[in-house]
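Student: I have just opened this structure and would like a guided tour. Could you take me through it step by step?

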Amino acid sequence: MATASSEPIHLPPTLRLPRIVQGIGFFAARHAVAAALERRYGSAFTVNLPVFGHTLVISDPNLVKDLFSTSRDLIGRARYTFGGVIGPGSTFALDGDAHRERRRLLMPPFHGKRMRSYEDIFEEEVMLEIANWPEGREFETLWPMRRITLGAILRAVFGAEGPALDELRGLLPPAVTLGSRIALLPSVVRRDVGPWSPRGRFLRYRRRIDAVIDSLIADARADPAFEERSDMLALLLQARYENGESISDRHISDELLTFLTAGHETTASALAWTVERLRRHPQLLSRLTDEVDAGGSELRQATIWEVLRTRPVLDGALRGTKTRIRLGEWVVPEGYTVMVSVVLAHSSEESFPDAMSFNPDRFVGAIPDTYAWIPFGGGVYRCIGAAFANMEMDVTVRTLLREFRFGTTVAPGERRHNRGVAMVPGRHGRAVVYRRTGPASSNAGSPPVVDHVTT
Ligand code: HEM
């Protein structure tokens with residue numbers, strides 16, 4: 001991408017409907033609408049949406065590469081971001097140099113090597129959760145997965161257990177659900193207009209969450225072993241900007257809330273989708289169980305990539321143009337939103353032959369392409385928790401397959417349901433499980449088939 005200040009604006013075709021009608025269509029059935037627009041106009045088109053304004057939608061890997069490799073001087077945050085809900089200290093709210101500096105400080109807690117140190121936490125959280133899973137009876141896995149991922153991120157962030165973390169376990173899920181709904185509201189409705197308005201209710205949660213986080217910050221500072229601690233809170237408290245200053249407590253609170261918010265519902269939804277997909281692919285399920293028993297991981301990693309391809313949790317990455325820019329053949333005006341459609345990119349037949357089929361083998365021995373496979377976005381704003389999420393999914397799936405046989409089903413796949421920001425399985429990833437009694441029991445017959453369950 002390059003500046004194009006002297007070039008005439010040149011945009012792909014647009015949908016000629018009132019903004020409000022486009023908005024209703026996009027938010028009610030955005031996959032179907034995006035797919036229909038792509039069939040009609042090709043892989044680039046423009047829409048005019050409430051909240052986001054005039055928006056160029058792209059999915060072609062060449063354009064995606066152009067966009068993701070561009071400098072922060074030309075493109076930045078979209079007009080509206082989740083940072084507006086969380087607060088000015090959140091990575092989501094930062095742009096330009098402030099964003100670059102913050103990302104540098106966030107490297108140590110999210111460094112690939114550190115992920116290994118979280119492995120035990122992940123497994124412990126899974127074992128704790130599955131202790132009471134019912135056998136032979138269908139149940140929704142989305143909520144159990146949310147408890148696992150919330151427990152995991154809380155422990156990775158704060159390093160310890162205790163009553164304060166228990167309080168956060170109760171406060172965060174409703175706050176995150178409310179916050180992600182507010183994120184998509186038009187600005188008039190997003191304001192705090194009284195204690196019972198969505199924003200007013202969110203702020204009440206926020207005050208309680210802040211009080212708990214403040215007490216955890218104070219405890220960390222008072223900890224005699226503070227210097228040796230390696231949890232995210234301790235690393236952020238120890239971090240220093242280039243000018244030697246530390247991150248303010250208010251910003252640390254915003255940032256921790258960012259990790260807790262961005263890190264638990266997304267990963268839980270991806271895990272519920274994994275269960276939903278595996279139950280419908282018995283052969284894959286049994287190959288994966290055999291692989292776990294043999295200590296392997298290649299097919300499991302490929303399966304995680306394929307779940308994130310076919311059922312991406314977030315369906316777009318957003319940017320805003322800071323100046324008039326050229327993007328491939330298009331010349332985009334300043335102040336425009338550019339949306340990379342993850343769903344359209346992932347359903348491209350050119351990038352993924354037989355794209356509609358769920359086939360993890362496509363990734364066995366092949367790493368996904370950086371600009372065609374984009375569940376974590378890309379470029380300087382790429383998801384900072386991608387390695388964390390991948391490791392967490394890997395450990396969770398490995399542990400589940402080690403402990404359970406899953407009942408398979410011939411029921412149609414669960415539909416996508418929009419829970420504000422995240423796309424979740426419409427029936428919340430239902431599963432039927434049977435405890436494995438002995439080692440390597442997966443080979444002792446195929447898992448039971450639960451046929452077309454309707455409960
Ligand atoms: C399967 C799980 C997850 C998915 C699908 C996901 C997806 C995404 C996407 C699409 C973005 C926007 C990227 C862009 O605009 O290019 C993002 C940003 C972000 N994610 Fe994740 N995420 C996941 C898990 C996590 C976890 C576990 C954490 C933290 C512990 C996290 C923290 C963040 C943060 C802080 C950002 C903002 C990055 C920035 O703007 O610089 N995410 N994520």
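**Strands, a helix and the ligand**

Tutor: Happy to! This is a predicted model, and a pair of strands makes a good start: β2 (residues 44-49) and β3 run antiparallel and are joined by six bridges.

Student: Which residue of β3 is the bridge partner of A44?

Tutor: A44 belongs to β2, which spans residues 44-49. Its partner has to be sought in β3, residues 53-58. There, A44 is bridged to I58.

Student: Which residue takes a positive phi in the hairpin of β2 and β3?

Tutor: Look at the three residues between the two strands. One residue of this hairpin has a phi near 75°, and that residue is V51.

Student: What is the bridge partner of I58 in β9?

Tutor: β3 also pairs with β9 (residues 337-341), this time in parallel, through four bridges. I58 was already the partner of A44. In β9, I58 is bridged to V340.

Student: Is β3 mostly covered or uncovered, and how many of its residues are buried?

Tutor: A residue is called buried when its relative accessible area is under 20%. By that cut-off β3 is mostly covered, and of its six residues the number buried is five.

Student: How does the reach of α10 compare with the expected span, and what is that span?

Tutor: Helix α10 covers residues 198-222, which makes 25 residues. From first C-alpha to last it reaches 36 Å. That is close to the span expected at 1.5 Å a residue, 36 Å.

Student: Now the ligand: which helix gives the most to the shell around it?

Tutor: Several elements each supply at least two residues of this shell, among them α5 (96-110), β6 (316-321) and α16 (386-403). The top contributor gives five residues, and it is α12.

Student: What is the distance from a polar side-chain atom of R103 to an oxygen atom of the ligand?

Tutor: R103 is one of the residues that come nearest to the ligand, and H99 is another. A polar side-chain atom of H99 lies 2.7 Å from a ligand oxygen atom. For R103, the distance from a polar side-chain atom to an oxygen atom of the ligand is 2.7 Å.

Student: Which residue is the only protein donor of the iron atom of the ligand?

Tutor: Search the loop between α15 (342-346) and α16, where this residue lies. Its SG atom is 2.3 Å from the iron. The only protein donor is C383.

Notes. Residues are numbered from 1 along each chain as its sequence is written. This is a predicted model: local features need pLDDT of at least 70, side-chain atom pairs count only at pLDDT 80 or more; totals for chains, interfaces and linings use all residues. Side-chain values use heavy atoms; hydrogens and water are left out. A residue is near a molecule or strand if one of its heavy atoms lies within 4 Å of it. A polar contact is a pair of N or O atoms within 3.5 Å; within protein, one must be able to donate a hydrogen and the other to accept it, and residues adjacent in sequence count only if both atoms are side-chain atoms. Donors are N, O and S atoms within 2.8 Å of the metal (3.2 Å for Na, K and Ca); water is not among the atoms, so sites may look incomplete. The expected span of a helix is 1.5 Å times one less than its number of residues. Buried means under 20% relative accessible area, exposed over 50%, partly exposed in between (1.4 Å probe, protein chains only). Two strands pair if DSSP finds at least two bridges between them.
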